[in-house]
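Let's walk through some side-chain contacts and strand pairings together, one question at a time. Have the viewer open as you read.

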Amino acid sequence: MKKIVATSLFLLNVAVFGQTKQDSIQFAKISTEILNKGKSYTELRDLTKNIGHRLSGSEAYEKAVKWAEQKLRDAGADKVWLQEVLIPIWVRGKESLQIKTPNGKWTNLKMLSLGNSEGTGGKDVSGEIIMVKSMEEYEKLSPEQVKDKIVFFNYPFSQSFIETFRGYGDAAKYRTTAASLTAKKGGKFAIIRSLSSAFDDVPHTGAMRYDSDHKIPAVAIGSTTADELETLLQSRKIMAKLNSSCGMKGEKLSHSVIGEITGKKDKSVIVVGGHLDSWDVGEGAHDDGAGIVQSIEVLRTFKNLGIQNNHTIRVVCFANEENGVKGGLQYGKMVKENNEKHLFAIESDAGGFTPRGISLEMDEEKRKQIQSWAGLFLPYSIYDFHNTYSGTDLYPLHDMGVPTAELVPDSQRYFDIHHTEEDTFDKVNRRELLLGAVAMTQIIYMIDKHW
C-alpha cells in the first residue's frame with residue numbers, strides 16, 4: 001500500500017512538474033518574442049506623434065478608431081469590428097485664470113479646466129478667493145461666507161502612501177465634487193490643487209461631476225502655483241478672474257474597437273484591453289496609449305508564436321473612459337444581451353512603467369489559483385498579487401461576476417504626468433512598456449490553458 005501511495009505521489013509530482021516546466025518554457029518564449037520583436041513601442045510612437053491626444057468626440061479620436069482597427073488586423077485578429085457607443089462631447093475652448101497682484105495688475109496663472117466642467121460663457125467672472133485645506137474645513141463655512149466667492153480647495157496629494165494610487169484616491173474627491181460643493185453655498189467657481197505627486201507647476205485636468213442643475217466652473221492649478229497662492233492669501237485678500245468657453249456640446253455616435261482570435265475549444269471570452277481615448281492635453285502616452293498597444297501585443301504574440309488558444313482572446317479598445325466610461329458600459333451591455341460567457345478580463349490603465357504585479361478582483365478561489373502561479377512570474381519581476389481592484393472599464397463585467405484584473409506597473413512617476421501636457425511619448429521607456437505586454441500575455445496564456 002505504501003508503495004502504491006508513493007508511486008501515485010511521484011506520478012502526481014511529475015505531472016505537476018511537467019505542467020509547470022511547459023508553462024515556464026512558454027513564458028520564456030513569450031518574453032523573448034516581445035522583447036526582441038514586439039511592436040508596442042513603435043506603435044505607441046505612431047499613435048502619439050501622428051494622432052496625439054484623443055479626447056472623446058474629437059476628430060483625433062475618430063482617427064484613432066481607424067488606427068486601432070488597422071493595427072488589430074495587422075496583429076492577426078481573425079475578426080475586427082467597431083462597437084457603437086453614444087458618447088458625451090466636452091470642449092475645452094479658450095480659458096484663462098488671473099489674480100490681481102498688490103500693484104493692481106492682473107497676472108495669469110497656469111491652469112486647466114476640469115473635464116466636463118461648464119465655463120463662463122466666454123465672459124469674465126471674478127471674486128475674492130477663500131481657501132480651505134480639507135472637506136471638513138469647508139463644511140464649517142456658512143453660505144454667507146462662501147456666497148459670491150471663489151473657493152480654493154488646497155488639499156495636497158499625500159506623499160505618505162507608498163502606493164501612489166492610494167494618494168490619488170484620497171485626493172480625487174476634491175476634483176470630482178469641488179464645483180458642486182461650492183455651488184451649494186453660492187460660490188462663483190472652484191479652484192483645486194492638482195492631483196499631482198510632483199512638486200512642479202503643471203496643472204492636471206480630469207473628470208468632475210455635477211450633482212444638480214446649478215453648474216459652475218472648476219479649474220485646477222499646479223502645486224507650485226497652489227503654494228504661492230496660499231502664501232499670498234495668508235497676508236491679504238486676493239481677487240481672481242476666470243474666463244472660459246468650455247462646456248458640454250451634446251452627444252455623438254462613436255466607437256470602441258474590438259478584435260479577437262476565435263477559440264479552438266470553445267467561444268468563451270478572455271478580454272484584454274485599455275482605453276483608446278485620452279484627455280486633450282499631452283499625447284495620452286501613458287494614459288492610456290500604453291495599455292492599447294500592450295493589449296494589441298498580446299494578440300500579436302499569440303499569433304506569432306502559434307499558440308493555439310482554447311478560448312477566444314479578445315482585445316477591447318474602449319471608448320470614452322476619461323469623461324463618461326460609455327465604452328465600458330456599452331461593452332457590458334452587449335455581453336449581457338448576447339449572454340456571452342467571459343472567463344476573465346484584464347485592463348492596462350496605470351501607465352507603461354515597469355510592471356510589478358497583477359491586481360485581482362475576483363472570488364478567493366480564483367485569486368488563490370492565480371497566486372499559485374507566482375513562481376512562474378517571479379523571474380520576470382512580477383511579484384505583487386495582493387491588490388483587489390481592476391480597470392474602470394471592466395466594472396460592468398465584474399458586476400456580472402466575471403473575474404477581472406489590472407496590470408500593476410511601478411506607480412511612483414505616474415501621477416507626476418497623469419492628465420497633463422507632460423504625458424508624452426518621450427516619458428515612455430521601451431523595455432518597461434514591453435515588459436508590461438509580456439506580463440499581460442503570460443497571464444492570458446495561463447488563463448486560457450488552465451481555466
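A charge sits over a ring if NZ of Lys or CZ of Arg is within 6 Å of the ring centre and within 35 degrees of the ring normal. Keep in mind that this is a predicted model.

Q: How far from the ring centre of Trp106 is the charged end of Lys241?
A: For a lysine, the atom to follow is NZ, and the cut-off is 6 Å from the ring centre. The charged end of Lys241 sits over the ring of Trp106, and its distance from the centre is 4.3 Å.

Q: Which residue of β2 stands opposite Trp106?
A: Trp106 belongs to β3, a strand that covers residues 106-109 and runs antiparallel to β2, with four bridges joining the two. In the hairpin they form, five residues lie between the strands, and Gly104 takes a positive phi near 90 degrees. The residue opposite Trp106 is Lys100.

Q: Which residue of β9 stands opposite Leu97?
A: Strand β2 (residues 95-100) also pairs with β9 (residues 239-244), in the antiparallel sense and over five bridges. Opposite Leu97, you will find Leu242.

Q: What is the angle between the planes of Tyr168 and Phe415?
A: The whole structure holds 16 aromatic pairs. Among them is Tyr168 with Phe415, 4.6 Å centre to centre, and this pair links helix α6 to helix α13 across 247 residues. Planes under 30 degrees apart count as stacked; this pair is stacked, with an angle of 20 degrees.

Q: Is Phe415 buried or exposed?
A: Buried means under 20% relative accessible area. Tyr168, at 15%, is therefore buried. Phe415 has 0% relative accessibility, so it too counts as buried.

Q: Why does Lys449 count as partly exposed?
A: Among the 22 salt bridges in the whole structure is one between Asp23 and Lys449, with the closest N and O atoms 2.8 Å apart. The pair links helix α1 to helix α14, 426 residues apart. Asp23 is buried because its relative accessible area is 1%. Partly exposed lies between 20% and 50%, and the relative accessible area of Lys449 is 28%.

Q: Which residue forms salt bridges with both Glu43 and Glu297?
A: Glu43 in helix α2 is 257 residues from its partner in helix α8, and their side chains meet at 2.5 Å, N to O. Glu297 is three residues from that partner in helix α8, so about one helical turn separates them; their salt bridge is 2.8 Å, N to O. The residue linked to both is Arg300.

How values were computed. Residues numbered from 1 in each chain as written. Predicted model: local features only at pLDDT ≥ 70, side-chain atom pairs only at ≥ 80, totals over all residues. Heavy atoms only, no water. Pairing = 2+ DSSP bridges. Phe/Tyr/Trp six-rings, centres within 6.5 Å; stacked < 30°, edge-to-face > 60°. Buried < 20%, exposed > 50% of the residue type's maximum accessible area, 1.4 Å probe, protein only. Salt bridge = Lys/Arg side-chain N within 4 Å of Asp/Glu carboxyl O.
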